[in-house]
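Colleague: I have a few questions about this model before I use it. Can we go through it together?

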Amino acid sequence: MAITYMTEDGYKKLKEDIAALESERPSISKQIAEARDKGDLSENAEYDAAKEAQGLLEAKIAQLKNLLANARLINEESIGTDVVQILNKVTIRNTKNNQQMTYTLVAESEANLKENKIAVSTPIAQGLMGKKVGDVAEIKVPAGIMNFEIVNISI
């Protein structure tokens, strides 16, 4: 699994998510026990559903723990604004329609489009990385190629 960069807040949230999922284990174990007590397991839909739920829960916990194990915390004090990099807030202008947008480039696990946080792995973020204010980034998107001018870089 690849290294995932995240902020301290993202790391804490991931740990909280794991703890919340782990707290569901007793409930699912109880459901399995109750279903098992009902007799014949070969035709017991409740037992099958509870076992499937347990498998999904354990898979999700394992996935998040793996993410946590491969996480590298980003030192937010070392983030500069001379070129676009992770954790920067970047204001860009679409050169075609002059529409401006501001995005914060974050790790995949912290991306949230409603908060204008996009993952550094997205095509737009990849196209902006390393650019300076005034540079024009040519970014290939599903609709074709778009040009965005870097208007501002902040933290």
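Modeller: First a term: a polar contact is a pair of N or O atoms within 3.5 Å, where within protein one must be able to donate a hydrogen and the other to accept it, and residues adjacent in sequence count only if both atoms are side-chain atoms. The model is predicted, with local features needing pLDDT of at least 70 and side-chain atom pairs pLDDT 80 or more, while totals for chains, interfaces and linings use all residues. Residues are numbered from 1 along each chain as its sequence is written, and side-chain values use heavy atoms, without hydrogens and water.

Colleague: OK, so which backbone oxygen lies 2.6 Å from a polar atom of the side chain of S23?

Modeller: That is the backbone oxygen of A20, which lies 2.6 Å from a polar atom of the S23 side chain.

Colleague: And where is S23 found?

Modeller: S23 is in the loop between α1 and α2 (25-36), where helices (H or I, at least four residues) and strands (E, at least two) are DSSP runs numbered from the N terminus.

Colleague: Is S23 buried or exposed?

Modeller: S23 counts as exposed because its relative accessible area is 51%, the classes being buried under 20%, exposed over 50% and partly exposed in between (1.4 Å probe, protein chains only). Measuring C-alpha to C-alpha in the model, S23 and Y103 are 35 Å apart in space, and 80 residues apart in sequence.

Colleague: Let's stay with helix α1 for a moment: which class does E22 fall in, with its relative accessible area of 25%?

Modeller: E22, which lies in helix α1, is partly exposed because its relative accessible area is 25%. The C-alpha atoms of E22 and I61 are separated by 7.2 Å, although the two residues are 39 residues apart along the chain.

Colleague: What about A19, how many residues apart along the chain are A19 and E110?

Modeller: A19 and E110 are 91 residues apart along the chain, and their C-alpha atoms are separated by 18 Å. A19 lies in helix α1 as well, and the residue counts as partly exposed because its relative accessible area is 43%.

Colleague: Changing topic to annotation: where does UniProt place the GreA/GreB N-terminal domain feature?

Modeller: The unreviewed UniProt entry places the feature "domain: Transcription elongation factor GreA/GreB N-terminal" at residues 5-72. UniProt positions are in the numbering used here with feature names shortened, and annotations may be inferred rather than shown by experiment. In the model, residues 5-72 are 76% helix and 6% strand, and the C-alpha atoms at the ends of the span lie 5 Å apart.

Colleague: Which residues does UniProt list for the C-terminal one?

Modeller: UniProt, again in an unreviewed entry, lists residues 81-154 for "domain: Transcription elongation factor GreA/GreB C-terminal". That span is 8% helix and 45% strand, with its end C-alpha atoms 6 Å apart.

Colleague: And which residues does UniProt list as a coiled-coil region?

Modeller: The unreviewed entry gives residues 11-77 for "coiled-coil region". Over residues 11-77 the chain is 73% helix and 4% strand, and the end C-alpha atoms are 17 Å apart.

Colleague: Back to single residues: where does N70 lie?

Modeller: N70 lies in the loop between α3 (45-69) and β2 (71-73), and N70 is classed as buried because its relative accessible area is 17%. The side chain of N70 makes a polar contact with the side chain of N66, at 2.9 Å.

Colleague: One last topic, backbone angles: what value is phi of L87 near?

Modeller: Phi of L87 is near 75 degrees, which is positive in a residue other than glycine. As background, most residues other than glycine have a negative phi. L87 sits in the loop between β2 and β3 (89-94), and it is buried because its relative accessible area is 11%.

Colleague: And what is phi of N116 near?

Modeller: Phi of N116 is near 60 degrees, also a positive value in a residue other than glycine. N116 lies in the loop between β4 and β5 (117-119), and N116 counts as partly exposed because its relative accessibility is 36%.
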